[in-house]
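Trainee: Could you take me through the salt bridges in this model, one pair at a time? I would like to see where the partners sit and how open they are to the surface.

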Amino acid sequence: MEEPGTPLVAMTGVSKAYGGTLACDHVGFTVRRGEVHALLGENGAGKSTLVRILSGDVTGYHGTVEVDGQTVTFGSPLDARRRGIAMIPQELDLVPGLSVAANIFLGREPHTKAGTADRKRMHRETRELLARIGIALDPKRPVGELRTGEQQLVAIAKALALDARVLVMDEPTSALTGTEAERLAEVIGELRDAGAGIVYISHRLGEIGRIADRATVLRNGRVTGEFAARDLSAEQVTEAMLGRPVQALFRVRHTGSTGELLRLENFALRPRRYRPGRREPAGITLTVRRGEIVGLGGLLGSGRTELLETLFGAGTPGRWQGRMWLDGREVRPRSPRHAVRLGLALVPEDRRIAGLALDHSVRANTVLSVVDRLATAGFLRRRRENATAGEVLGELGVSGALADPAGTLSGGNQQKVVLARALLTEPDLLLLDEPTRGVDVGAKAEIYRLLADAAARGIGVLLASSEPAELVGVCDRVVVLRDGRSERELDTHDAGEAELLAAAMGEIR
Ligand SMILES: Nc1ncnc2c1ncn2[C@@H]1O[C@H](COP(=O)(O)OP(=O)(O)OP(=O)(O)O)[C@@H](O)[C@H]1O
Ligand SMILES: [Mg+2]
């Protein structure tokens with residue numbers, strides 16, 4: 001019999017270098033039975049690298065990995081899975097063209113007696129898995145049609161289906177709203193009680209004290225501390241991660257707003273062709289003044305992303321209803337290009353699809369939007385490019401070579417490149433869809449400061465976020481969407497997170 005507390009996994013002296021970068025530097029890390037072990041650290045600290053070694057996704061490291069006291073060398077994620085280790089990766093590895101069920105059972109499809117894939121069983125078990133994490137999705141829908149948050153839930157279901165003894169979750173809640181994240185926390189509690197070991201990575205520090213039993217903090221690839229995580233406050237975690245406290249993280253206040261910039265009146269979209277799972281705008285009334293940051297709240301699927309995409313000319317083709325004014329002029333962005341000409345910029349939810357060219361350099365990605373402005377006599381001036389990209393990225397804490405492919409950056413640092421690019425365009429109206437997804441606490445504070453600066457220059461900001469604390473702390477007002485409609489508007493000077501949640505659930509009328 002296994003003694004309670006025997007490590008399921010023990011990593012000792014684990015190091016991994018990428019060129020000159022030491023992503024992990026002699027890291028020691030254990031996972032015990034029946035514990036949730038949080039792994040914390042700034043963007044680029046080495047968290048993903050460490051867990052990708054553990055799950056067989058990254059090879060060619062130094063040091064030892066033991067499972068149940070035996071040294072193992074995994075050549076692939078499949079090897080790790082055979083030893084009971086499963087991972088939900090930070091950058092989801094779902095196949096967009098395949099259905100939800102096909103993704104969940106990829107490579108291990110059950111078969112009928114006739115030898116064909118047993119779709120009925122796959123669909124039934126998929127429904128059960130999804131119900132367990134509190135979401136109803138059609139198992140037949142292609143994953144590529146789903147929102148990022150829904151894809152994240154599918155990836156979670158896929159990992160749960162493996163019945164792993166060690167479950168590694170690399171930022172599983174980054175695209176989830178509070179309600180779904182809470183349901184996931186319950187599921188994690190059940191798995192722990194059943195004796196599994198869970199590695200949990202998150203930049204939502206408020207979750208750590210509730211979910212985790214222990215926490216290991218990484219800085220520049222090294223372990224800087226291990227803590228009992230129960231009741232650890234977000235402030236304590238922050239200090240361990242950054243080596244300094246971060247003050248005034250939220251409540252970034254800026255000086256007053258001026259004229260009206262955006263006005264939507266009963267704004268709605270009648271799609272030409274119905275696209276399943278999309279919540280098109282169905283009656284939205286709101287305003288954004290110059291110098292104002294207005295939040296968009298609501299549950300997963302309330303239509304925040306669809307609204308921002310439609311305003312940016314990137315939504316579902318269809319007939320507009322209601323009206324949109326920009327700076328007093330009635331407009332209707334037909335395409336993203338047109339929207340940019342009208343003075344709009346959008347930071348999309350999924351940086352990999354609409355955001356970044358991963359093979360291109362960090363520099364090229366950052367200045368993509370301002371190429372016209374920087375071009376002199378038809379060619380790009382590299383020096384100016386470097387200065388522009390370097391300055392903004394430096395402020396956001398992205399270090400490293402600007403010439404490296406964007407794909408070599410850590411997840412959070414990729415997000416910062418997308419945001420830097422939008423800020424560099426100096427739009428009139430900045431549309432942000434989960435701009436701090438996966439961004440560390442120090443850089444978040446910096447992003448809020450940059451947004452407040454932009455607002456002080458007269459830019460209007462419409463910010464969709466699933467983090468109530470972010471909405472309440474950063475925005476002047478929050479418009480809560482529900483079923484594609486503007487349900488309610490809250491003034492953040494007198495409304496708190498609890499009211500925001502209640503409004504999203506439709507409890508307040
Ligand atoms: N494939 C790669 N090629 C080159 N460098 C890489 C590669 N993968 C990671 N790195 C570098 O290794 C370091 C650690 O990255 P890692 O992704 O482990 O960070 P992280 O702690 O998960 O950050 P985040 O919170 O942003 O996800 C970073 O400096 C990153 O740029
Ligand atoms: Mg990571």
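Mentor: Start with Glu-260 and Arg-263, whose side chains meet in a salt bridge with 2.9 Å from N to O. Keep in mind as we go that the model is predicted. Glu-260 counts as partly exposed, because its relative accessibility is 36%, and the cut-offs for that class run from 20% to 50%. Arg-263 has a relative accessible area of 27%, so this partner is partly exposed too.

Now move to Glu-434 and Arg-304, another salt bridge, here with 3.8 Å from N to O. Glu-434 sits in the loop between β17 (429–433) and α16 (441–456), while Arg-304 belongs to helix α9 (residues 304–311), so this pair ties together parts that are 130 residues apart in sequence. Both Glu-434 and Arg-304 are buried.

A third pair is Arg-477 with Glu-489, where the closest N and O atoms of the salt bridge are 2.7 Å apart. Arg-477 lies in strand β19 (residues 477–482) and Glu-489 in strand β20 (residues 485–491), so the link ties together parts twelve residues apart in sequence. The two ends differ in cover: Arg-477 counts as buried because its relative accessibility is 12%, whereas Glu-489, with a relative accessible area of 40%, is partly exposed. This pair also has company, since salt bridges that share partners join Arg-289, Glu-292, Arg-477 and Glu-489 into one network. In the whole structure there are 30 salt bridges, and the pairs above are among them.

For contrast, look at some arginines on the surface. Arg-332, Arg-334, Arg-337 and Arg-341 gather there in a patch of positive charge, and residues in such a patch have no salt bridge. One of them, Arg-337, is placed in helix α10 (residues 336–341). Arg-337 has a relative accessible area of 67%, so this residue is exposed.

Finally, a link of another kind is worth a look: the magnesium ion (ligand 2) has as its protein donors Ser-48, through OG, and Gln-90, through OE1, at 2.0 to 2.1 Å. Ser-48 lies in helix α1 (residues 47–54) and Gln-90 in the loop between β6 (85–88) and α3 (100–104), so these donors tie together parts that are 42 residues apart in sequence. Like Glu-434 and Arg-304, Ser-48 and Gln-90 are both buried.

Notes
Residues numbered from 1 in each chain as written. Chains lettered and ligands numbered in written order. Predicted model: local features only at pLDDT ≥ 70, side-chain atom pairs only at ≥ 80, totals over all residues. Heavy atoms only, no water. Patch = residues over 30% accessible without salt bridge, like charges linked within 9 Å, V, L, I, M, F, W, Y side chains within 5 Å. Areas by Shrake-Rupley, 256 points an atom, 1.4 Å probe, with all protein chains shown as cover. Salt bridge = Lys/Arg side-chain N within 4 Å of Asp/Glu carboxyl O. Lys, Arg positive; Asp, Glu negative; His and termini not counted. Charge placed at Lys NZ, Arg CZ, Asp CG, Glu CD. Helix = DSSP H or I, 4+ residues; strand = E, 2+ residues; numbered from the N terminus. Buried < 20%, exposed > 50% of the residue type's maximum accessible area, 1.4 Å probe, protein only. Donors = N, O, S within 2.8 Å, 3.2 Å for Na, K, Ca; no water.
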